[in-house]
Amino acid sequence: MPSMTDYLVLSDGAFTLNDGEAKNLDFTLPNNFTVGVNLAKPVLAFIINPKSRKSEVGGWVNPTVSPFLSSEQVISLSWNTDNHADYGLWEAIDGRQFKAGESNQISFKSWDGQVVIRDVILWFQRGAGG
């Protein structure tokens, strides 16, 4: 079993994505990162606020090409509402998409409208198992 739960703050502040814009968040995972394909999956948590009536956002782990491939997409969100509130969200991600002890990247992209994303945190487990 993994020995410890840890986290990385990928973005402490807010960033705005307008239609067609992307934001890359770079980070390095520790060597003893647990890949987690069953119950020890890494969890990406963040707060998002759709500023436009209609918004669509995607998220990727270590995208290989630009524009991003839909097959690599780990997050897909869309709104069609006048409610412009903060939403706290999280997504369990297949850990095989990350590289232990190496540089990694989480990318967000807006296709429609404007969104503000803030407080992006990656929770993961360390140690053997997963």
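A nonpolar core, as the term is used in these legends, is a set of buried Ala, Val, Leu, Ile, Met, Phe, Trp, Tyr and Cys residues joined through side-chain atoms within 4.5 Å. The views below are all taken from a predicted model.

**View 1. The largest nonpolar core and the strands that supply it.** The largest nonpolar core holds 25 residues, and those with the most contacts inside it are Leu 44, Phe 46, Phe 98, Phe 108, Ile 117 and Val 120. At least two residues of this core come from each of strand 1, strand 2 (22-28), strand 3 (43-50), strand 4 (54-61), strand 5 (73-80), strand 7 (103-112) and strand 8. Strand 8 gives the most to the core, with 5 residues. In soluble globular proteins, nonpolar side chains tend to be buried together. Over the whole protein of 130 residues, buried residues make up 39%.

**View 2. The open sheet with the order 1-8-3-6.** The protein has 8 strands and 0 helices, so that from the N terminus on its elements run β-β-β-β-β-β-β-β. One open sheet consists of 4 strands in the order 1-8-3-6, with antiparallel pairing. Strand 1 and strand 6 (87-92) stand at the edges of this sheet, and because each has a single partner strand, one side of each is left without a neighbour in the sheet. Neighbouring strands here are turned by 15 degrees against each other on average, with direction ignored. Strand 1 and strand 8 (residues 115-126) run antiparallel and are joined by 11 bridges.

**View 3. The open sheet with the order 2-7-4-5.** A further open sheet has 4 strands in the order 2-7-4-5, and its pairing is antiparallel. Strand 2 and strand 5 stand at the edges with a single partner strand each, so one side of each is left without a neighbour in the sheet. From one strand to the next, the twist averages 15 degrees. The antiparallel pairing of strand 2 with strand 7 extends over 7 bridges, and Ala 22 stands opposite Lys 109 in strand 7.

**View 4. A nonpolar surface patch around Tyr 7.** Tyr 7, Val 9 and Trp 123 form a nonpolar patch on the surface, and together these residues have about 300 Å² of accessible area. Tyr 7 is placed in strand 1 (residues 4-17), and its bridge partner in strand 8 is Trp 123. With a relative accessible area of 43%, Tyr 7 is partly exposed, because that class lies between the limits of 20% for buried and 50% for exposed residues.

**View 5. Salt bridges between separate parts of the chain.** The count of salt bridges comes to 6. Side chains of opposite charge can pair when their charged atoms come close. Arg 126 forms a salt bridge with Asp 6, with the closest N and O atoms 3.5 Å apart; this pair links distant parts of the chain, since Arg 126 is in strand 8 and Asp 6 in strand 1, 120 residues apart. Arg 53 and Asp 82 also meet through their side chains in a salt bridge, at 3.6 Å from N to O. Because Arg 53 lies in the loop between strand 3 and strand 4 and Asp 82 in the loop between strand 5 and strand 6, the pair ties together parts that are 29 residues apart in sequence. Arg 53 counts as partly exposed at 45% relative accessibility, whereas Asp 82, at 54%, counts as exposed.

**View 6. The pair of Asp 94 and Arg 96, and a salt-bridge network.** In the salt bridge between Asp 94 and Arg 96, the closest N and O atoms are 2.6 Å apart. Asp 94 has a relative accessibility of 24% and counts as partly exposed, while Arg 96, at 60%, counts as exposed. Elsewhere in this view, salt bridges that share partners join Asp 86, Arg 118 and Asp 119 into one network.

**View 7. Positive phi at Asn 62 and Asp 119.** Asn 62, a residue other than glycine, has a positive phi near 45 degrees. Asn 62 lies in the loop between strand 4 and strand 5 and counts as buried, at 14% relative accessibility. Asp 119 is not a glycine either, yet its phi is positive, at about 50 degrees. Asp 119 is found in strand 8 and, at 23% relative accessibility, counts as partly exposed.

Note on methods:
Residues are numbered from 1 along each chain as its sequence is written. This is a predicted model: local features need pLDDT of at least 70, side-chain atom pairs count only at pLDDT 80 or more; totals for chains, interfaces and linings use all residues. Side-chain values use heavy atoms; hydrogens and water are left out. Patches are made of residues with over 30% relative accessible area and no salt bridge: like charges are joined within 9 Å, nonpolar side chains (Val, Leu, Ile, Met, Phe, Trp, Tyr) within 5 Å. Accessible areas come from the Shrake-Rupley method with a 1.4 Å probe; for residues, only the protein chains shown count as cover. A salt bridge is a side-chain nitrogen of Lys or Arg within 4 Å of a carboxyl oxygen of Asp or Glu. Buried means under 20% relative accessible area, exposed over 50%, partly exposed in between (1.4 Å probe, protein chains only). Two strands pair if DSSP finds at least two bridges between them. Axes are lines fitted to C-alpha atoms, for helices over the stretch in contact, and angles run from 0 to 180 degrees between N-to-C directions.
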